[in-house]
Amino acid sequence: MNDTTRRILFVCHGNICRSPMAEFVMKELLRREGIATVDVESAALHMDAIGCDIHSGTRRMLQMHGIPFSRRAAWLLTAEKAHGYDLLVGMDAYNMADLKRLVYPEDVAKTRRLSAFAGLSRDIADPWYTGNFDETYADVLAGCTGLLERLKERLASATPPAAGAEDGPTRAEQGRWGEDMAAAFLEAKGWRIMARNIRPCPADRRCEIDIVASPNPKDSVVFVEVKTHAQRTQWHNRMAGVDRRKKGNLLRACSNWVMRNRWHGNVRFDIVEVWGSKADAMPPEIDHIENVPLFGPNWRFW
């Protein structure tokens with residue numbers, strides 16, 4: 001996600017339950033905030049229900065919570081259509097796998113899982129199978145609320161450059177580009193991205209986990225700090241900037257994620273360094289430093 005995010009597409013399997021629910025919830029949240037510069041739509045990843053209106057269970061939840069909606073027809077996403085959106089948001093691991101197979105390689109970095117915006121590692125369950133539309137609505141609302149907060153931050157920081165200023169990415173843009181490159185790098189290794197930019201307190205930017213990922217979601221979680229550098233230097237301290245205060249903030253954020261997600265598996269801390277610039281035509285060089293001793297040998301979250 002970046003400062004120019006203006007078109008958001010929610011996707012799910014058939015585009016009749018979860019993704020249209022997210023579409024109308026997000027539209028209403030944006031309307032309440034007076035944000036008229038972001039367009040929201042939803043689409044299907046499979047052909048099961050193409051042309052169908054939203055499910056009666058979804059309509060019932062939207063009516064119950066006072067969310068305006070209209071008649072619509074499910075439509076099938078293609079790589080060409082996906083290219084026209086700034087953010088592609090799936091509901092579960094299957095959606096994310098389908099999305100990444102479907103879109104052009106340069107668009108993989110635009111894909112996100114909705115629940116990650118709420119700091120959750122679990123999928124948003126498909127009520128077509130569970131029948132529990134209340135639970136799905138609660139998770140969709142939490143994800144859309146987290147996405148809204150992130151959008152507000154991005155829109156607030158997207159100020160026009162001063163007259164005469166040199167073209168090039170800002171520090172914030174460079175940092176977000178580095179995080180996108182790191183996430184794509186980990187996914188290419190077969191890792192699952194469970195969450196990104198997690199904060200115990202959304203207003204506290206100092207206490208943030210860049211990426212929560214896992215090479216094996218059943219028994220291990222890795223908290224990843226991303227460091228983006230424009231140029232390589234001969235002497236380089238990989239822990240530069242990770243002082244005592246930064247460690248304390250990271251530990252607080254990691255502990256909060258572990259407790260909220262009731263995680264009892266293995267935990268470690270990695271650093272991914274991205275060498276390059278968003279403005280460069282060449283792909284960045286990436287170093288992955290595993291098992292950095294942030295937590296200490298006897299650290300326990302539980």
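Leaving aside neighbours within four places in sequence, which residues is Val25 in contact with? In this predicted model, the partners of Val25 are Leu62, Ile67, Tyr137, Val140, Leu141 and Cys144. That list is a handy way into the interior, and the paragraphs below start from the overall picture before returning to it.

The protein contains eight helices and nine strands. Of its 302 residues, 50% are buried. Among contacts with a separation of 6 or more, 70% are between residues 24 or more positions apart. The accessible surface amounts to about 15300 Å², and carbon and sulfur atoms supply 51% of that area.

Val25 belongs to the largest nonpolar core, which has 34 residues. Together with Val25, the members that touch the most others are Phe10, Met26, Leu114 and Cys144. Two or more residues of this core come from each of strand 1 (7-12), helix 1 (18-33), helix 2 (56-64), strand 3 (87-90) and helix 6. A second core, separate from this one, has 19 residues, including Ile198, Cys207, Cys254 and Ile271. As a general point, nonpolar side chains in soluble globular proteins tend to be buried together.

Helix 2 offers a neat view of how one element is arranged. Its residues Gly57, Thr58, Met61 and Leu62 are buried. Viewed down the helix axis, the buried residues of helix 2 fall within an arc of 135°, so they line one face of the helix. Gln63 and Met64, by contrast, are exposed on the other side of helix 2. The spacing along such a face follows a simple rule: an α-helix has 3.6 residues a turn, so residues three or four places apart point the same way. Just after helix 2 comes Gly66, with a positive phi of about 70°.

Helix 6 (residues 133-157) also holds Thr136. Thr136 has a relative accessible area of 1%, so this residue counts as buried. Beyond its neighbours within four places in sequence, Thr136 is in contact with Arg18, Met21, Ile124, Ala125 and Pro127.

Turning to the aromatic side chains, the count of aromatic pairs is two. Phe24 and Phe69 make an edge-to-face pair, with 6.3 Å from centre to centre and 65° between the planes. This pair links distant parts of the chain, 45 residues apart: Phe24 is in helix 1, while Phe69 is in the loop between helix 2 and helix 3 (79-82). How do the two rings compare in exposure, and what are their relative accessibilities? Phe24 is at 6% relative accessibility and therefore counts as buried, whereas Phe69 is at 29% and therefore counts as partly exposed.

The other pair is formed by Phe223 and Trp257, whose ring centres are 5.7 Å apart; their planes stand at 80°, so this pair is edge-to-face. Here, too, distant parts of the chain are linked, with Phe223 in strand 7 (residues 220-229) and Trp257 in helix 8 (residues 244-260), 34 residues apart. Phe223 and Trp257 are both buried.

One further ring has a charged neighbour. Arg7 lies over the face of Tyr85, at 4.2 Å from the ring centre.

Technical notes:
Residues are numbered from 1 along each chain as its sequence is written. Side-chain values use heavy atoms; hydrogens and water are left out. Helices (H or I, at least four residues) and strands (E, at least two) are DSSP runs, numbered from the N terminus. Buried means under 20% relative accessible area, exposed over 50%, partly exposed in between (1.4 Å probe, protein chains only). Contact means heavy atoms within 4.5 Å. Accessible areas come from the Shrake-Rupley method with a 1.4 Å probe; for residues, only the protein chains shown count as cover. A nonpolar core is a set of buried Ala, Val, Leu, Ile, Met, Phe, Trp, Tyr and Cys residues joined through side-chain atoms within 4.5 Å. Rings of Phe, Tyr and Trp (its six-membered ring) pair if their centres lie within 6.5 Å; planes under 30 degrees apart count as stacked, over 60 as edge-to-face and the rest as tilted. A charge sits over a ring if NZ of Lys or CZ of Arg is within 6 Å of the ring centre and within 35 degrees of the ring normal. The arc is that of the directions from the helix axis to the C-beta atoms.
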